[in-house]
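User: Hey, I've got a model open and I'm a bit lost. Can we go through a few bits of it together?

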Amino acid sequence: MPLLSKHQLSKSTFMYGCQCPKRLWLHKFMPQVRDEMSEGQAAIFQQGTDVGMLARELFPGGVDASPATNYDYQQSVADTARYMQEGHSVIYEAAFQFEGILCAIDIMVKQNEKWVAYEVKSSTKVKPTFVQDASLQYHVITQSGIALSDIAIVHLNNEYVRQGPLDMQALFSISSIWNEVIELQDFITEKIVELKKVLKLKKAPDIEMGAHCNNPYACDFMGFCSEGIEVEEPDYGEVNIDQDALKEFVGELEYPLYFMDFETWMAAVPEYDGHWPYRSVPFQFSVHKQAHPNAAVEHFDYLAEGPESSQRDFAEQLMAVLGEQGSIVVYNIGFEKTRIRELICDFPHWEDALNTLNDRLVDLMRPFRSKHYYLPEMQGSYSIKKVLPALVPSLSYEHLTINNGGDASSIFYNLRKEEDAAKVKEIRAALREYCGLDTWAMVKILEKINEKLG
Ligand code: SF4
């Protein structure tokens, strides 16, 4: 989105203001205090841009009104008006302005002498927030004198499974949101007045952090807003250790134990046959194996060379490491179980062997979800990111170069573009370290459960 003067609104800044007036103000007047974008967030942003470009193929032969630089938005508005006058019927990044508010719409198409506005989203469904931002677009486009006959969201179709070349008509769905947009017009007019007042404030509005900081999107000023806030000791309940329930859980485990974790990559636009938008494709696993109680723990792992080779090798190596007997301990069983089921669809000749793996899965999250083992330091959560530091404070993800699954996924996906061999080696080592810690953490957590049983 082009940059605007500090006192103007755009579609993005309007949406920031709808989420939180302070976010809008900080974005305009103190952008330097914004949180750094993580690898995972940058990848999501890039995927959105790529999907937008691809959707243009649904309406080919258009003219592009994108600004040459972020400062040329006035040129974009002028180009759009000129293209309309010249009789072009498809315009990409068409820009409009009305009373200091600038909006660009991904694709404008003239059909039967009337214009239809298409906004492209890389999501697989129409979210309420899309209706809100399209309502602002409708306001600006129509108030600037262009009559619309429809306004629609172009989004990805999650039922599309790629076979051969991309089928653009099947990949995208088009949903008209005309009625919802018309209904929101009074709200838009009132909100514009309110947000323009925010832009005249000399200092940021005094707004406390709350649920709105993550709704509808994670705000990028959380670091700034949370500075100086005293973190109170969590008080989420009492210590609870249910010995009988823990004994029952441990009694289900059969040696050898395999502590297992997967990492996956995903692409908005499926790149290979059998893939669908945002399919989670496994590329890495870590397994710690303990042959019998008190035996030394061995480590095995696998990291695919690249996305194209990730499934077959992954499945083969996994089956070889896990053998045919023993419990396979995971944290949050649904994720691994679903990935294994998907591998069965890819490789039906391995169905029996892969199904056996699923039958052997045991969820280490269970005792924590049911609060059979609970410490206040878990802060009401049973996520491994909270359970681990509560039980094993010496183990932490903080020192790792890669310390969350979202970053691991996008770093692996982008590794194919990295030409520096030393850098590739370094990144692959960091990926292995991260995934390895996930399963080592499970080894230590089970140790802690056993300690409580004496
Ligand atoms: S972190 Fe929360 S309170 Fe602070 S600007 Fe963002 S949304 Fe507003």
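Analyst: Sure! This is a predicted model. Let's start with one side chain: that of Asp-346 makes a polar contact with the side chain of Arg-279, at 2.7 Å.

User: Cool. Where does Asp-346 lie?

Analyst: You'll find Asp-346 in helix 12, which covers residues 333–346.

User: And which residues is Asp-346 in contact with, leaving aside neighbours within four places in sequence?

Analyst: Arg-279 and Gln-311. Gln-311 is 35 residues away along the chain, and its C-alpha atom is 8.3 Å from that of Asp-346.

User: Is Asp-346 buried or exposed, or something in between?

Analyst: Asp-346 counts as partly exposed because its relative accessible area is 25%, and that class runs between 20% and 50%.

User: OK, new topic. What's the strand order in the open sheet?

Analyst: The order is 11-10-9-12-13, so 5 strands with mixed pairing. Strand 11 (297–303) and strand 13 (361–363) are at the edges; each has a single partner strand, so one side of each has no neighbour in the sheet. On average, neighbouring strands are turned by 30 degrees against each other, ignoring direction.

User: How many bridges join strand 12 to strand 13?

Analyst: There are 3, and the two strands run parallel. Ile-328, for instance, has Leu-361 in strand 13 as its bridge partner.

User: Which strands does helix 11 touch?

Analyst: Helix 11 (residues 310–322) packs on the sheet and touches strand 9, strand 10, strand 11 and strand 12. Its direction makes about 10 degrees with that of strand 10.

Definitions and conventions: Residues are numbered from 1 along each chain as its sequence is written. This is a predicted model: local features need pLDDT of at least 70, side-chain atom pairs count only at pLDDT 80 or more; totals for chains, interfaces and linings use all residues. Side-chain values use heavy atoms; hydrogens and water are left out. Helices (H or I, at least four residues) and strands (E, at least two) are DSSP runs, numbered from the N terminus. Buried means under 20% relative accessible area, exposed over 50%, partly exposed in between (1.4 Å probe, protein chains only). Contact means heavy atoms within 4.5 Å. A polar contact is a pair of N or O atoms within 3.5 Å; within protein, one must be able to donate a hydrogen and the other to accept it, and residues adjacent in sequence count only if both atoms are side-chain atoms. Two strands pair if DSSP finds at least two bridges between them. Axes are lines fitted to C-alpha atoms, for helices over the stretch in contact, and angles run from 0 to 180 degrees between N-to-C directions.
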